[in-house]
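Q: I am new to this structure. Can you show me how to read its features, step by step?

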Amino acid sequence: MISKESLNEWIRERFGDKDLKIGDVLIMEVQRQPSYQKYCQNHAPKPFVGHLTMNSGVEVIADYLRQLLKVEWGEEQRSSKAYYERLLERIIALGIIFPPDSIGKYAFEAFAAGIRDFSVADRYKPMLCMSPVVSYELGLLQLIHQLCQICLGLSGIFGVIQEEPDEETVLCHAVAEEFLIPKAAFFERWQSGLAQWQSNLWPLEQYFKTEPSLLARRARSLGCISQREYSDFMTTYHQGLHLDDTCQHGSLH
């Protein structure tokens with residue numbers, strides 16, 4: 001990952017423009033490719049690029065993305081790997097280039113600076129680049145997040161470290177959560193009267209085919225648990241993952 005400050009410094013050093021944004025750089029590098037004009041002559045603009053706005057609303061955007069990808073109710077019940085691969089196939093079928101070809105020397109320098117995941121919302125040649133997925137559950141979240149960026153007409157980097165996430169990041173993440181864990185379906189299965197709220201997670205995990213950490217985050221965002229309960233759970237959850245990793249791979253002394 002790379003911090004927002006480091007990213008801005010990288011742009012200033014290479015372009016000498018403190019007001020230039022990474023999204024501008026990505027679009028500029030795509031459009032300066034020698035093959036870009038010929039590509040535009042042979043391909044129509046993609047109507048979904050920039051079709052939505054920041055004011056469209058989380059549920060409206062999530063519904064639009066489901067329609068765009070032709071997701072049918074219950075389709076998410078397949079395995080996370082199969083669901084991820086099916087959605088990725090449909091994203092590529094829309095004309096989004098994945099993985100993108102070269103977008104210029106500055107982009108490759110960006111890769112060296114630690115940038116691996118980005119979206120380019122060019123109307124003719126939209127692109128989506130992701131690192132190899134560590135887990136398909138988290139890969140699904142990122143995939144929808146970046147597709148949301150493109151449909152909002154936003155080019156940018158996924159996973160930039162910021163003290164306070166910008167409103168675009170917050171919106172895209174909320175949309176990805178709603179897409180993968182719809183509020184209505186979540187509330188149908190959430191039991192508020194349990195002695196331990198964590199007891200909800202196992203059945204929800206089986207239904208939504210996603211990780212407990214994402215379900216806990218969703219529970220917090222929907223007001224089912226407090227920030228303190230979420231933080232305590234995540235601390236324990238990450239400790240458990242570390243323990244599993246140590247037991248699986250061993251340790252050196």
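**Reading the sheet, the helices and two residues**

A: Start with one residue pair: Phe118 stands opposite Ile157 in S3. Keep in mind that this is a predicted model.

Q: Which strands pair there, and over how many bridges?

A: First the general idea. Strands of a sheet pair through backbone hydrogen bonds, either parallel or antiparallel. Here strand S1, residues 118-120, pairs with S3 in the antiparallel sense, over 2 bridges.

Q: What is the order of the strands in the sheet?

A: The order is S2-S1-S3. The sheet is open, has 3 strands and shows antiparallel pairing. Strand S2 (127-129) and strand S3 (156-157) are the edge strands, since each pairs on one side only.

Q: Which helix lies across these strands?

A: Look at helix H7, residues 136-151. Helix H7 lies across S1, S2 and S3. Against S2, helix H7 runs at about 155 degrees.

Q: How do I read the packing of two helices? Take H4 and H7: at what angle do their axes cross?

A: Check the distance, then the angle. Helix H4 covers residues 58-68, and its axis comes within 11 Å of the axis of H7. The two axes cross at roughly 100 degrees. Angles of 65 to 115 degrees count as roughly perpendicular, so H4 and H7 are roughly perpendicular to each other.

Q: Which residues meet between H4 and H7?

A: From H4 come Ile61, Tyr64, Leu65 and Leu68. From H7 come Ile144, Leu147, Cys148 and Cys151. By type, the residues of this contact divide into 8 nonpolar, no polar and no charged.

Q: Now single residues. Is Asn200 buried or exposed?

A: Compare its relative accessible area with the cut-off. Buried means under 20%. Asn200 has 2%, so Asn200 is buried. Asn200 sits in the loop between H9 and helix H10 (201-208).

Q: What is Asn200 in contact with, leaving aside its neighbours within four places in sequence?

A: Asn200 is then in contact with Arg189, Trp190, Gln191 and Leu194.

Q: Why does Phe187 count as partly exposed?

A: The class of partly exposed lies between the 20% and 50% cut-offs. Phe187 has a relative accessibility of 40%, so Phe187 counts as partly exposed. Phe187 lies in helix H9, residues 183-189.

Q: Where else along the chain should I look from Phe187?

A: Try Ala219, which is 32 residues apart from Phe187 along the chain. Their C-alpha atoms are separated by 9.3 Å. Then check contacts. With neighbours within four places in sequence left aside, Phe187 is in contact with Leu222 and Cys224.

Definitions and conventions:
Residues are numbered from 1 along each chain as its sequence is written. This is a predicted model: local features need pLDDT of at least 70, side-chain atom pairs count only at pLDDT 80 or more; totals for chains, interfaces and linings use all residues. Side-chain values use heavy atoms; hydrogens and water are left out. Two strands pair if DSSP finds at least two bridges between them. Helices (H or I, at least four residues) and strands (E, at least two) are DSSP runs, numbered from the N terminus. Contact means heavy atoms within 4.5 Å. Axes are lines fitted to C-alpha atoms, for helices over the stretch in contact, and angles run from 0 to 180 degrees between N-to-C directions. Buried means under 20% relative accessible area, exposed over 50%, partly exposed in between (1.4 Å probe, protein chains only). Angles under 35 degrees count as roughly parallel, over 145 as roughly antiparallel, 65 to 115 as roughly perpendicular and the rest as oblique. Ala, Val, Leu, Ile, Met, Phe, Trp, Tyr, Cys and Pro count as nonpolar, Asp, Glu, Lys and Arg as charged, and the others, Gly among them, as polar.
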